[in-house]
Amino acid sequence: PAPAQGQQSSSASTQAEIRQMLEERDQEIKSILSGSEDYSKEQRARLKELINGVLDFCAMGQTALGSHWDTLATDRRDQFVEVFQDVVRAQSMGDLDVYNSSVTYDQITVQDDSAYVRTMTEYEGTRTPVEYILKRRDDEWKAEDIIVDEVSTAEGYARSFQTVVRKRGFDALMKRLRAKRQEIASTDAE
């Protein structure tokens, strides 16, 4: 049976809300990037927040650690998510030009507190599908995964992180992530 009229309009308004959120984010990123390539500290901080603000680092971290997540005490999970977030946020600033891509929204599907968004980006003549797997928590939509050209971001981290944990243990992964965070921080300070 078809959804009731109220459900259809609610779904359409949620689709519009998600699209507006992503479009506004995209427009603000592009407005900062349209200036010079010498960004102020404030502009870099704002870009980092805009680019990563849509990500649910806890959900991505849980996916990245897989079954190892369940073996960790809450404080160790929190430490992992904090360091993981710092590394991802810093790495997102590597190639800012890619955020100048033109974006079209091909599909937005909403079911309860889950949503799927398929976009097509075009950058320097190359078209790339980018998909968002979103969940609504505390009335805010966050991405649990972003799939770029059929490659899952969360699963990419999972392959890398779970191998380290399996072979060398969780502490070795944390040591590696902290070293990466320190390396990025010292590069940013230059």
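What share of the contacts in the protein chain with a separation of 6 or more is accounted for by residues 24 or more positions apart? The share is 53%. The legends below refer to a predicted model.

**View 1. Overall fold of the protein chain in the predicted model.** The secondary structure consists of six helices and five strands. Read from the N terminus, the elements follow the order α-α-α-α-β-β-β-β-β-α-α. The C-alpha trace spans about 55 × 45 × 30 Å along its principal axes. Of the 190 residues in the chain, 35% are buried. The accessible surface amounts to about 11300 Å², and carbon and sulfur atoms hold 45% of that area.

**View 2. Charged side chains of the protein chain.** There are 25 positive and 35 negative side chains. The centre of the positive set and the centre of the negative set lie 7 Å apart. Views 3 and 4 show two surface patches, one of positive charge and one of negative charge.

**View 3. A patch of positive charge on the surface, formed by Arg166, Lys167, Arg168 and Arg176.** Helix H5, which covers residues 153-168, supplies the largest share of this patch, with three residues. Lys167 is one of the patch members and lies in helix H5. Lys167 counts as exposed because its relative accessibility is 63%, and the cut-off for exposed is over 50%.

**View 4. A patch of negative charge on the surface, formed by Glu37, Asp95, Asp97 and Glu124.** Glu124 sits in the loop between strand E2 (114-123) and strand E3 (126-137). With a relative accessibility of 69%, Glu124 counts as exposed.

**View 5. Thr128 and its surroundings in strand E3.** Is Thr128 buried or exposed? Thr128 has a relative accessibility of 17% and therefore counts as buried, since the cut-off for buried is under 20%. Leaving aside residues up to four places away in sequence, Thr128 touches Thr119, Met120, Thr121, Val148 and Asp149. Strand E3, which holds Thr128, also borders the loop that carries Glu124. The two residues fall into opposite classes: Thr128 is buried, whereas Glu124 is exposed.

Definitions and conventions
Residues are numbered from 1 along each chain as its sequence is written. This is a predicted model: local features need pLDDT of at least 70, side-chain atom pairs count only at pLDDT 80 or more; totals for chains, interfaces and linings use all residues. Side-chain values use heavy atoms; hydrogens and water are left out. Patches are made of residues with over 30% relative accessible area and no salt bridge: like charges are joined within 9 Å, nonpolar side chains (Val, Leu, Ile, Met, Phe, Trp, Tyr) within 5 Å. Accessible areas come from the Shrake-Rupley method with a 1.4 Å probe; for residues, only the protein chains shown count as cover. A salt bridge is a side-chain nitrogen of Lys or Arg within 4 Å of a carboxyl oxygen of Asp or Glu. Lys and Arg count as positive and Asp and Glu as negative; His and the chain ends are not counted. The place of a charge is taken as NZ of Lys, CZ of Arg, CG of Asp or CD of Glu. Helices (H or I, at least four residues) and strands (E, at least two) are DSSP runs, numbered from the N terminus. Buried means under 20% relative accessible area, exposed over 50%, partly exposed in between (1.4 Å probe, protein chains only). Contact means heavy atoms within 4.5 Å.
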